[in-house]
Amino acid sequence: MLYDYCVIGGGIVGLATAMQLLEARPGASLVLIEKEDALGLHQTGHNSGVIHAGIYYPPGSLKAELCRKGAQATKDFCAEHGIAFEVCGKLLVATNPLEAKRMEALLERSQSNAIEVHRISEGELREREPNIAGLGALFVPSTGIVSYAEVCQAMGRIIAARGGEIRLGTRVKAIREMADAVSVSADCESWQARKLIACAGLQSDRLARLAGVAIEHRIVPFRGEYYRLPDHKSGIVRHLIYPIPDPNLPFLGIHLTRMIDGSVTVGPNAVLGFAREGYGHLSFSPGDIADYAMFPGFWKTLLGNRKSAFVEMRNSLWKPGYLEECRKYCPGLELADLLPHRAGIRAQAVRRDGTLVHDFLFAATDRMLHVCNAPSPAATSAIPIADMIVERVLQ
């Protein structure tokens, strides 16, 4: 059978893309191929579940626009499909004079992005969050929490209801573009489609190379390790508590996150992963390591961020160091409060010159569109990202 569309990848971006394609082209034939036995098992299923407002991103940037649109689209989708979510708000806490100065710059950025943000004094912070210490904070009321795994399940049901096929447990082994179609092969099956869209996340560079697309980057996995607080401390905060980010570092830093199930997590850090899809502490894949170790951009990135990489690795191996980061703004936490929780892995695109790709990265041919980098917060922005992909595919 010749399909109109083939989507590779059952994470939230691939699902949203398939869903929006079938809305834009009712009656079109579509097959979505996912190598795992369930949807949203990797980046989507291991993130913090936050519906971000978009406060961090450069004014006028695509990330800022998509995040702002995505936050509302996600809430509307959840309301329409009966998915629990909560708009609990976020506090970005300044714990020293340097962070207080950075906080003012962040406030200006948020105002330029048309995001509602309020400056909170030290006294107001203490009233709102008695267990949090800081010189002041920014309050972002529109930030929320949700289970993105549930969002994925709802999207899967919509795709099926619109006539799309979802093939789970199917690992793509070959992709070949022809004049009038794209051929996709797995172990014992093959499909042909007029258009192919690959939203493969942690495997996106490999899928592009498999399809013969020339790319100048590699995916380097960064492992985010979380802890969970004990149940008796699940009321320690009312909002999400984030640090003021260091603009010289690529990641946001450890934060306290209320989850939609009522628990509270602490994290993540950001350490180099030794397996793209290995979530256990000792996960190790020689093939994954060789893939980035032989890429010159990886070593340039490591050299350029060696100081922060050392601190992150130390805190990963030494729990008191991790706790120290948490106690900067939540001094009441103890070592016994840091209980095991699942890790996440971020697909970080790295260029040959060692720069980290923080924006969207696409590779296109006549009949294929590869989403090579869908940066955080891709889960929040998934629906407008899908709209953008669909617009490109239908042009």
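Is Glu325 buried, partly exposed or exposed? Glu325 counts as partly exposed, at 24% relative accessibility. Keep in mind that this is a predicted model. Let's start from that residue and work through the salt bridges, then turn to a histidine, the empty spaces and a couple of backbone details.

**Salt bridges**

Glu325 has a partner: its side chain meets that of Lys328 in a salt bridge, 3.3 Å from N to O. Lys328 is also partly exposed, with a relative accessibility of 44%. Elsewhere, salt bridges with shared partners bring Asp205, Arg206, Arg209, Arg276, Asp288 and Asp291 together into one network. The structure holds 21 salt bridges, and here are three of them.

| Pair | N to O distance |
|---|---|
| Lys35 and Glu277 | 2.8 Å |
| Asp246 and Arg102 | 3.4 Å |
| Lys328 and Glu325 | 3.3 Å |

What does the Lys35 and Glu277 pair tie together? Lys35 sits in the loop between β2 (30-33) and β3 (50-51), while Glu277 sits in the loop between β18 (271-272) and α7 (286-293), so the salt bridge ties together parts that are 242 residues apart in sequence. Glu277 is partly exposed, at a relative accessible area of 26%.

Asp246 and Arg102 make another long-range pair, with their closest N and O atoms 3.4 Å apart. This pair links distant parts of the chain, 144 residues apart: Asp246 belongs to the loop between β15 (240-243) and β16 (255-258), and Arg102 to helix α3 (residues 97-112). Both ends fall in the partly exposed class, Asp246 at 23% relative accessibility and Arg102 at 21%. Since buried means under 20% relative accessible area, Arg102 at 21% counts as partly exposed because it does not fall under that cut-off.

**A buried histidine**

Now for His255, which is found in strand β16. It's buried, with a relative accessible area of 5%. A polar atom of the His255 side chain lies 2.8 Å from the backbone oxygen of Gly253. Leaving out neighbours within four places in sequence, His255 is in contact with Ile241, Tyr242, Pro243, Thr265, Val266, Gly267, Pro268 and Tyr329.

Two of those contacts, Gly267 and Pro268, have a story of their own: a cis peptide bond joins Gly267 and Pro268, with omega about 0°. Pro268 lies in the loop between β17 (264-267) and β18.

**Cavities and a pocket**

How many cavities of 30 Å³ or more does the structure have? The count comes to three. The largest cavity has a volume of about 40 Å³, and its lining consists of His46, Asn47, Ser48, Tyr226, Met259, Thr265, His341 and Arg342. By class, that lining divides into two nonpolar, five polar and one charged. Thr265 therefore turns up both in this lining and among the contacts of the buried His255.

The second largest pocket has a volume of about 190 Å³. It's lined by 16 residues, and Asn47, Val146, Ser147, Met259 and Arg342 lie nearest its centre. Its lining divides into five nonpolar, nine polar and two charged. Asn47, Met259 and Arg342 appear in the linings of both the largest cavity and the second largest pocket.

**One more backbone detail**

Ala114 has a phi near 60°, a positive value in a residue other than glycine. Ala114 is found in the loop between α3 and β6 (118-121). At 62% relative accessibility, Ala114 counts as exposed.

Methods. Residues are numbered from 1 along each chain as its sequence is written. This is a predicted model: local features need pLDDT of at least 70, side-chain atom pairs count only at pLDDT 80 or more; totals for chains, interfaces and linings use all residues. Side-chain values use heavy atoms; hydrogens and water are left out. A salt bridge is a side-chain nitrogen of Lys or Arg within 4 Å of a carboxyl oxygen of Asp or Glu. Helices (H or I, at least four residues) and strands (E, at least two) are DSSP runs, numbered from the N terminus. Buried means under 20% relative accessible area, exposed over 50%, partly exposed in between (1.4 Å probe, protein chains only). A polar contact is a pair of N or O atoms within 3.5 Å; within protein, one must be able to donate a hydrogen and the other to accept it, and residues adjacent in sequence count only if both atoms are side-chain atoms. Contact means heavy atoms within 4.5 Å. On a 1 Å grid over the protein atoms alone, a cavity is a set of points where a 1.4 Å probe fits but cannot get out, and a pocket is an open set with protein on both sides within 12 Å along at least five of seven lines; lining residues have an atom within 4 Å of a point. Grid points are joined across faces, edges and corners, and a volume is the space filled by probe spheres set on the points. Ala, Val, Leu, Ile, Met, Phe, Trp, Tyr, Cys and Pro count as nonpolar, Asp, Glu, Lys and Arg as charged, and the others, Gly among them, as polar.
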